[in-house]
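Q: Can we walk through this one quickly? I'd like to talk charges and burial.
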Amino acid sequence: MNLKNYLFLLVLLLAAGVRAQAPSGNAYPKREFRAAWIQAVNGQFRGVPTERLKQTLISQLNSLQGAGINAIIFQVRPEADALYASQHEPWSRFLTGTQGQMPSPMWDPMQFMIEECHKRNMEFHAWLNPYRASTGGYTRFADSHIYNKHPEWFVTYNKQILFDPGLPESRQFICRVVRDIVSRYDVDAIHMDDYFYPYPVAGMPFPDDNSFQKYGLNKGYKASQRADWRRENVNKLIREIKRTILLSKPWVRFGISPFGIYRNKKSTPDGSGSNTNGLQNYDDLYADVTRWVKEGWIDYNIPQIYWEIGHPAADYITLIQWWNKNATREGTHLYIGQNVARTMKADQLTRKMLYERSLSKVKGNCFWPANEILWNNKGVADSLKQNYHRYPALIPAYTHLHNRAPQEVKKLKAEWTAQGYMLHWEAEQSKTNPELASYFVIYRFENKESVNLDDPSKIVAVTRETNYLLPYDDGKRKYRYVVTAVDRFHNENQGKSKKVKL
C-alpha cells in the first residue's frame, strides 16, 4: 500500500466512524514504541548449539529491525531461573534442556542480546516472570534453585509452584534478582507480564491460608478482606521493584504488560470498569494496575488487548478507549499489546493501527509473539515495513525521569576517508551517565528545503556510531544534513547541520 492509498483509506475510516477522536498527529509518527516479545518457554532455544543459536538470534533481530521494531522484550527468567549468568538462580532448562546446566561453550544470552540490540539501536527490556517457579508439574529443580533452599516460601496451585506473594521473603528475593540484573547488565528496562497471582481455576482456592494468618489477620485485615490483602502484596512488590531500580540505575525503566481487562463495568459499583465480560486484573489476578500508573510505580503500561474489533466479550475498541481514558499519569507511557495471529486472522491490522494512532495517550505497540512477525503471518512484516513502520521512529521520551536534551554534537564535518565520503562528529558519551548522548539521528533535506525535525521521512539513519557514510554520486547536488544527539531517556536536541554536495 503506497502513501496515497494509505491516506485515502484513513479518510474512509474516519468517514465511517471507526475513530472516536481526531488524529493526534501524522499518519507516520516520529515518536512511537515498536516492540516485540521474544519468548523462551516455547522451546525455540532449548538445546540448540551455541553458535547456531547466536546466528538464529542475529537473524531474528535483523528481520525485526527490518520490520521497524525498535525495542525487544526478551524472556530471561521464566521459572525463577535464568537465561543469563545469574548470581542467584540456576541456568534455565529452556536454554540448555536441564535446569542448572551451564551452556557449553559458556555464553550469556542476555549479554549477547543486549549487545546485538544496541548495535541496531534497539532497546533491550529484560522480561521476568516474578512469582512462577515451575509450570506443568515440573519439579526437577537444580540443587541451587531457591525452592530447595526455602520450600516454605512456595505454594502449589494448578500444577504450578509459585512464590507465595504474601511473604516478605518472596518480595525481597525477587528484588535481589532485579538488583542483580540492573546493576550488572546494560538493560533499558525491567519488564513483567500478566502473571501475578495465578489465573484462577473454578473450585480451587489459592492456598495462602498460612501467610494470610500471619501477615493478614495478624496485621489487622479481616477474613472478608483477603482480596484487598492480596492486592496490597502485589502493590508492595511493584513499589519495591521500582525503588530497587531507582537506587541502582535511575534511567532504567520498569514496565508491565497486564491482562487486557482491568475490571468489568458490572463489577464496579460506580460503573468505572470497561463494558466487557472476562477475567479481571483487579479481582482475579489482584493486580491494581491503574494504581501503579497513578502512583508512578511503573514507567510504561502495555495492556494485552489481544481480542478482535467486535469481539462480543472484550471488544478491542472498547478496551483501547478505556485504557486511553484511564492513562491518568502523564509520565507513564501507554502502549498496546497486540496479538498478531488474531489480528491477521481477522484482517484488522489496518483498523487497529489507525485507531490506536488516533488516541491521545497511546504511544506505541508491542507485538505478541515476535515469531509471528518473523514468519510474516499473512504479510504482517511486509505491512509493518511498507506502511505503519515505513519510516524510523524514536521511542517516546521519558521526560518524567529527565527532561533536558543532551549537548549538541561538535566538529561536524564531511571528509573523504578510506571507506568513502564520511560525515563525522564528536560527542561526549558514557554508559554510566544517561544524560549524555546515547545515540544519534541523521536527517537529510534538500538544499533549500525547510528543516523539520518532526518529519520522520527525513531520517536517513539512527546510529550509536559517530559517523555516517554519505551516498556520494557525482558531487553536483546540494543537501543539508542535520545530526542530533539523543540521551538514554530519549530526549533529543536540535542538532547541528552541514551542507554537502553529493
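A: Sure, here is a short run through salt bridges, a charged patch and one helix. Keep in mind that the model is predicted.

Q: How many salt bridges does a search of the whole structure find?
A: The search finds 26.

Q: Which residue meets Arg226 in a salt bridge?
A: Asp208, at 2.8 Å, N to O. The two sit 18 residues apart: Arg226 in helix H8, Asp208 in the loop between strand E7 and helix H7.

Q: Is Asp208 buried or exposed?
A: Buried, because its relative accessibility is 1%. Arg226 is at 21%, so it counts as partly exposed.

Q: Which residues are linked with those two in a network?
A: Asp209 and Arg230 join Asp208 and Arg226 in a network of salt bridges.

Q: And what does Lys242 pair with?
A: Asp299, with the closest N and O atoms 2.7 Å apart. That pair spans 57 residues, from Lys242 in H8 to Asp299 in the loop between helix H10 and strand E9. Lys242 is buried at 6%. Asp299 is buried too, at 1%.

Q: Switching to the surface. Which residues make up the positive patch?
A: Lys410, Lys411, Lys413 and Lys496. Strand E12 supplies the largest share, three residues.

Q: What does E12 pair with?
A: Strand E13, antiparallel, over six bridges. The two form a hairpin with two residues between them. Trp416 stands opposite Tyr421 in E13.

Q: Last one: why is helix H13 called largely enclosed?
A: Because nine of its ten residues are buried. Among them are Lys352, Glu356 and Arg357.

Definitions and conventions:
Residues numbered from 1 in each chain as written. Predicted model: local features only at pLDDT ≥ 70, side-chain atom pairs only at ≥ 80, totals over all residues. Heavy atoms only, no water. Patch = residues over 30% accessible without salt bridge, like charges linked within 9 Å, V, L, I, M, F, W, Y side chains within 5 Å. Areas by Shrake-Rupley, 256 points an atom, 1.4 Å probe, with all protein chains shown as cover. Salt bridge = Lys/Arg side-chain N within 4 Å of Asp/Glu carboxyl O. Lys, Arg positive; Asp, Glu negative; His and termini not counted. Charge placed at Lys NZ, Arg CZ, Asp CG, Glu CD. Helix = DSSP H or I, 4+ residues; strand = E, 2+ residues; numbered from the N terminus. Buried < 20%, exposed > 50% of the residue type's maximum accessible area, 1.4 Å probe, protein only. Pairing = 2+ DSSP bridges.
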